[in-house]
Amino acid sequence: MRHLLSTLDLSRDEALGLLDVAEDMDAVNRREIKKLPTLRGRTVVNLFYEDSTRTRISFEAAAKRLSADVINFSAKGSSVSKGESLKDTAQTLAAIGADGVVIRHSASGAAHRLAQTDWIDAGVINAGDGTHEHPTQALLDAFTIRKRLHGDASRGKALDGVRVLIVGDIDHSRVARSDLWLLHTLGAEVAFAGPPTLIPFAAEHWPVRIFDDFDTALVEDFDVVIMLRIQLERMHDAFFPTSQEYTRLWGLGPQRLARLSPRALIMHPGPMNRGLEISSEAADSPQATVREQVANGVSVRMAALYTLLGPREEVGA
Ligand code: CP
């Protein structure tokens, strides 16, 4: 694998391969010394044109745990504010010898552009491009579901028959798209629930059931409920009347929490708008996996970096 740009491109074997390498990395992350020499001498650039907490710090931790040299680039405070283009920035990174570039950008397709031009000869990982995809978030979500379901026996397991409901602002969510493609490839049954104004038109052609009422969806016994952040920064129109109305119709509050099966996982990619799409009762309940998702993100991102940039021998050897 040369780049990791989308989960739509991943075959079932490639996805399971990445999840199984992440199992090896998870074992490393449970050691006292969480370090492998695998990427010594390699340079990874975190190229972030959009804000991030989890993705940026977990890619940095992942690269450092693999002994790579890490350069963190944030558009704020760089020559991007003077008008420098993505091409010139990429050529600058090429000149300093970047082997891998982790890119987050507000433009859908930015990661593909970087990977498909001759601006830089580096492995490219999409860390979120506009409303398009966020493949490592989907991989860490799948890893987290698999780990909760199968524990130490997760290796090699897909998610056949697992029922997943993704709720909220689907239209602006790259996580919803990447989750759908990956979970479907792994055999899960995926449903969306959200206001019709926040469901993409194209979704009727996707392998997903669509609910326009959260309470109707909850009558069904979903194994996993993924709550999405309302992405106010991408909304240039009024998609719902008020935030109170949104919470009443689409929030996971105490009453809906009580109706969930006690086995159901509650997931959220973060950052959470507590009190809007998810209540603290739900976010902090034992069913919630929010902090596990962040921890697993380091293992999954180590797996992605290793798969793209590492040698071809076994990790655990
Ligand atoms: N889930 C996620 O992408 O979070 P950040 O925006 O903090 O990276």
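## Contacts with the ligand

In this predicted model, a backbone N or O atom of proline 269 lies 2.8 Å from a nitrogen atom of the ligand. Two side chains also approach the ligand through polar atoms: one such atom of arginine 104 is 2.9 Å from a ligand oxygen atom, and one of histidine 134 is likewise 2.9 Å from an oxygen atom of the ligand. The protein covers 91% of the 260 Å² of accessible area that the ligand has on its own.

The residues around the ligand include the run Ser52, Thr53, Arg54 and Thr55, and the list is completed by Arg104, His134, Gln137, Pro269 and Gly270.

## The largest pocket

The largest pocket has a volume of about 480 Å³, and its lining is made up of 26 residues, among which Arg104, Arg174, Arg229, Gly270 and Pro271 lie nearest the centre. Helix 2 (54-65), helix 5 (135-150), helix 6 (174-185) and helix 11 (290-309) are the elements that each give two or more residues to this lining, and the largest share, four residues, comes from helix 11.

Sorted by character, the lining residues of this pocket comprise six that are nonpolar, 11 that are polar and nine that are charged. Both domain 1 (7-133 + 294-309) and domain 2 (135-289) take part, since at least three lining residues are drawn from each of them.

## Two details of the backbone

Most residues other than glycine have a negative phi, and most peptide bonds are trans. Against that background, two places in the chain deserve a careful look.

One is the peptide bond between glycine 270 and proline 271, which is cis, with an omega of about -10°. Proline 271 is found in the loop between strand 9 (265-267) and helix 10 (280-283), and both Gly270 and Pro271 are among the residues nearest the centre of the largest pocket, while Gly270 is also one of the residues around the ligand.

The other is serine 67, which has a positive phi of about 70° although this residue is not a glycine; serine 67 sits in the loop between helix 2 and strand 2 (69-74).

Definitions and conventions. Residues numbered from 1 in each chain as written. Predicted model: local features only at pLDDT ≥ 70, side-chain atom pairs only at ≥ 80, totals over all residues. Heavy atoms only, no water. 1 Å grid on protein atoms, 1.4 Å probe; cavity = no way out; pocket = protein on both sides within 12 Å on 5 of 7 lines; lining within 4 Å. Points joined across faces, edges and corners; volume = space filled by probe spheres on them. Nonpolar A, V, L, I, M, F, W, Y, C, P; charged D, E, K, R; others polar. Domains from an automatic or database assignment. Near = heavy atom within 4 Å. Polar contact = N/O pair within 3.5 Å; in protein donor to acceptor, adjacent residues only side chain to side chain. Areas by Shrake-Rupley, 256 points an atom, 1.4 Å probe, with all protein chains shown as cover.
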